[in-house]
Amino acid sequence: MTGHLLLTSVPRLAQHRHLKRDEQRGLWTVQAPERYFVLDDTAHAILSRCDGQASLAVIIESLCASFPDAPRDTIAADVTHLLQGLADKGVIAA
């Protein structure tokens, strides 16, 4: 288990984890050694912004701009929850 993500954390996919498009099934996945995660559209929108340069705060603001009808508090909670869960599983590093 990792520490808690902060708004200043800069998430990225952990080493040997890859964001890939499965063209046959028409979905995005994160491939990791000996396992993979199927992403819904929301998870893909979040993980595609985890480039190792943008902080958690910047990712949240980017999503708020892309989805202006969604409440900021909901976006912030969903992003933090997803990324913390993936950090706990070793999928992302921050």
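**View 1. An open antiparallel sheet of three strands in the predicted model.** Strands 2, 3 and 4 make up this open sheet. Their order is 2-3-4, and the pairing is antiparallel. This is a predicted model. Strand 2, residues 18-22, is one edge strand. Strand 4, residues 35-39, is the other edge strand. Each edge strand pairs on one side only. On average, neighbouring strands of the sheet are turned by 30° against each other, with direction ignored.

**View 2. The pairing of strand 2 with strand 3.** Strand 3 covers residues 27-32. Five bridges join strand 2 and strand 3, in the antiparallel sense. Lys20 stands opposite Thr29 of strand 3. Asp22 stands opposite Leu27, also in strand 3. The hairpin of these strands has four residues between strand 2 and strand 3. Within this hairpin, Gly26 takes a positive phi near 70°.

**View 3. The pairing of strand 3 with strand 4.** Strand 3 and strand 4 are likewise antiparallel, paired over five bridges. Trp28 has Leu39 of strand 4 as its bridge partner. Two residues lie between the strands in the hairpin of strand 3 and strand 4. In that hairpin, Glu34 takes a positive phi near 65°.

**View 4. Two residues with positive phi that are not glycines.** Most residues other than glycine have a negative phi. Glu34 has a positive phi of about 65°, although it is not a glycine. Glu34 is located in the loop between strand 3 and strand 4. Is Glu34 buried or exposed? Glu34 counts as exposed, because its relative accessibility is 85% and the exposed class begins over 50%. His16 is not a glycine either, and its phi is positive at about 70°. The loop that holds His16 runs between strand 1 (12-13) and strand 2.

**View 5. Cys50 and Cys64, two cysteines without a disulfide.** How many disulfides does a search of the whole structure find? The search finds zero. Cys50 is in no disulfide. The nearest cysteine sulfur to that of Cys50 belongs to Cys64, 15 Å away. Cys64 is in no disulfide either, and its nearest cysteine sulfur is that of Cys50. A disulfide needs the two sulfur atoms within 2.5 Å, so the 15 Å between Cys50 and Cys64 rules out a bond between them. Cys50 counts as buried, at 7% relative accessibility. Cys64 is buried too, with a relative accessible area of 16%. Both values fit the buried class because that class lies under 20%.

**View 6. Gly90, in the loop between helix 3 and strand 5.** Helix 3 spans residues 72-88, and strand 5 spans residues 92-93. Gly90 lies in the loop between them. Gly90 counts as partly exposed, at 27% relative accessibility. Which residues does Gly90 contact, leaving aside its neighbours within four places in sequence? They are Ala14 and Arg17. Pro71 is 19 residues from Gly90 in sequence. In space, the C-alpha atoms of Gly90 and Pro71 are 29 Å apart.

**View 7. The whole protein chain, for orientation.** The secondary structure of the protein chain comes to three helices and five strands. From the N terminus, the elements run β-β-β-β-α-α-α-β. The C-alpha trace spans about 35 × 30 × 20 Å along its principal axes. The radius of gyration of the protein chain is 13 Å. This agrees with a compact globule, because 94 residues would give a value near 12 Å. Of the 94 residues, 35% count as buried. Among contacts with a separation of 6 or more, 54% join residues 24 or more positions apart. The accessible surface comes to about 6,000 Å². Carbon and sulfur atoms account for 52% of that surface.

Methods
Residues are numbered from 1 along each chain as its sequence is written. This is a predicted model: local features need pLDDT of at least 70, side-chain atom pairs count only at pLDDT 80 or more; totals for chains, interfaces and linings use all residues. Side-chain values use heavy atoms; hydrogens and water are left out. Two strands pair if DSSP finds at least two bridges between them. Axes are lines fitted to C-alpha atoms, for helices over the stretch in contact, and angles run from 0 to 180 degrees between N-to-C directions. Buried means under 20% relative accessible area, exposed over 50%, partly exposed in between (1.4 Å probe, protein chains only). The radius of gyration is taken over C-alpha atoms; the globule rule is 2.2 Å times the number of residues to the power 0.38. Contact means heavy atoms within 4.5 Å. Accessible areas come from the Shrake-Rupley method with a 1.4 Å probe; for residues, only the protein chains shown count as cover.
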